[in-house]
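Please open the model in your viewer, with the backbone drawn as a cartoon and the side chains ready to be switched on. The stops below say what to select next and what is to be found there.

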Amino acid sequence: MILVASYNMRKAIGTDRRRKPERVLDVLAEIDADVVALQEADRRFGARASALPHHLIDEHSAYKPVPFAMRAGSIGWHGNAILVRKDIEITHCEALHIPALEPRGAVVADIRAKGVAMRIVGMHLDLSGLWRRRQSHAILNYLAQRDTQLPTVLMGDLNEWSAASGCLRDFARDFTFAHCGRSFHSRRPVAALDRIMVGDGLSVVDSGAHSSPAARRASDHLPIWAQLRAG
């Protein structure tokens, strides 16, 4: 079994409006996933440094960031980052330049976890439905054109309020959605903005939104998770 999670960590600013990156790591420790896709992991202005300092990740978690190395001090691309357990092998990684109205992007990592080769895509899509469709098409086209095809997990904040239309319909042609439930707003979840999707070669055993007291304080989104089986 492989446990994956997705978390819009809101630049480590909690519902009390205080920036406390250690709270994010506490929530990730509660979930104890093998792979985590993060959104809003970097600060938005200035040098856009990571809202999770490298030394905190290294010293106070079981994770290492996938080295996209787009900016000094950052762990991702337009706030998208992927953390993996320190014993997981990273065989390829890259940032995806997708069409965007706002500063948005996606990141991809090919990994080997528990003997399973798989592809992880983390994303944070636009607030505009038209641009979300363009972004979903760009991501799907990228995956279809890869020379090597791997069991793939797509995770992130899709910003899609509808139940089954828009970019959700695009992704559903090739991917199965995990039933994680509502994740926004963390104090009183009313929308399933955060999603985990799996392709051929993977099945969802269990899934949900992590609604601990710590998670309800650490961000305005709850993290979501899915337990996956290969084969």
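Begin by selecting Arg10, which lies in the loop between strand E1 (2-8) and helix H1 (21-31); bear in mind throughout that this is a predicted model. Arg10 has a positive phi of about 55° although it is not a glycine, and with a relative accessibility of 27% it counts as partly exposed. Move on to Lys11, which is placed in that loop between E1 and H1, and there you will find a positive phi of about 60°, again in a residue that is not a glycine.

Follow the chain into H1 and colour its buried residues, which are Pro21, Arg23, Val24, Leu25, Val27, Leu28 and Ile31. Just after H1, stop at Asp32, where phi is positive at about 60°.

Now return to Arg10 and show what lies around Asp220, since Asp220 touches Arg10 as well as Thr15, Ser183, Phe184, His185 and Ser186, when residues up to four places away in sequence are not counted. Asp220 itself is found in the loop between helix H5 (213-218) and strand E12 (224-230). Is Asp220 buried or exposed? Its relative accessibility is 13%, under the 20% cut-off, so Asp220 counts as buried. Switch on the side chains of Asp220 and Ser219, and you will see a polar contact between them at 3.4 Å.

Two of the residues touched by Asp220, Phe184 and His185, deserve a selection of their own. The peptide bond that leads from Phe184 to His185 is cis, with omega near -5°, and His185 is placed in the loop between strand E9 (176-177) and strand E10 (194-198). Phe184 counts as buried, at 19% relative accessibility.

Keep Phe184 on the screen and add Trp161. How many aromatic pairs does the model hold? The count comes to one, and in that pair the rings of Trp161 and Phe184 have their centres 6.2 Å apart and their planes at 85°, so the arrangement is edge-to-face. Because Trp161 lies in the loop between E8 and H4 while Phe184 lies in the loop between E9 and E10, the pair ties together parts that are 23 residues apart in sequence. In contrast to the buried Phe184, Trp161 counts as exposed, with a relative accessibility of 56%.

Next select helix H3, residues 129-145, and look at it from the side. At 1.5 Å a residue its 17 residues should span 24 Å, and its end C-alpha atoms are 24 Å apart, which agrees. Colour the buried residues of H3, namely Arg132, Gln135, Ser136, Ile139, Leu140, Tyr142 and Leu143, and then turn the view to look down the axis: these residues fall within an arc of 155°, so they line one face of the helix. An α-helix has 3.6 residues a turn, so residues three or four places apart point the same way. On the other side of H3, Leu130, Ala144 and Gln145 are exposed. To see what the buried residues of H3 pack against, show strands E5 (89-96), E6 (105-113), E7 (116-124) and E8 (152-157) together with helix H4 (167-172).

While still in H3, pick out Arg134, which has its place in this helix and is partly exposed, with a relative accessible area of 37%. The charged end of Arg134 sits over the ring of Trp131, 4.5 Å from the ring centre. Then add Pro99, which is 35 residues from Arg134 along the chain, although their C-alpha atoms are separated by 6.6 Å.

From there, go to Ser61, in the loop between helix H2 (54-60) and strand E3 (63-65). Ser61 counts as buried, at 17% relative accessibility, and its side chain reaches the backbone oxygen of Ile57 at 2.5 Å. Leaving aside neighbours within four places in sequence, Ser61 is in contact with Leu25, Leu56 and Lys86; Leu25 is one of the buried residues of H1 that you coloured earlier.

End the tour at Ser211, in the loop between strand E11 (202-209) and H5, where the relative accessible area of 39% makes the residue partly exposed. Ser211 touches Arg216 and Leu222, residues up to four places away in sequence not being counted.

Terms used
Residues numbered from 1 in each chain as written. Predicted model: local features only at pLDDT ≥ 70, side-chain atom pairs only at ≥ 80, totals over all residues. Heavy atoms only, no water. Helix = DSSP H or I, 4+ residues; strand = E, 2+ residues; numbered from the N terminus. Buried < 20%, exposed > 50% of the residue type's maximum accessible area, 1.4 Å probe, protein only. Polar contact = N/O pair within 3.5 Å; in protein donor to acceptor, adjacent residues only side chain to side chain. Contact = heavy atoms within 4.5 Å. Expected span 1.5 Å × (residues − 1). Arc of directions from axis to C-beta. Phe/Tyr/Trp six-rings, centres within 6.5 Å; stacked < 30°, edge-to-face > 60°. Lys NZ or Arg CZ within 6 Å of the ring centre and 35° of its normal.
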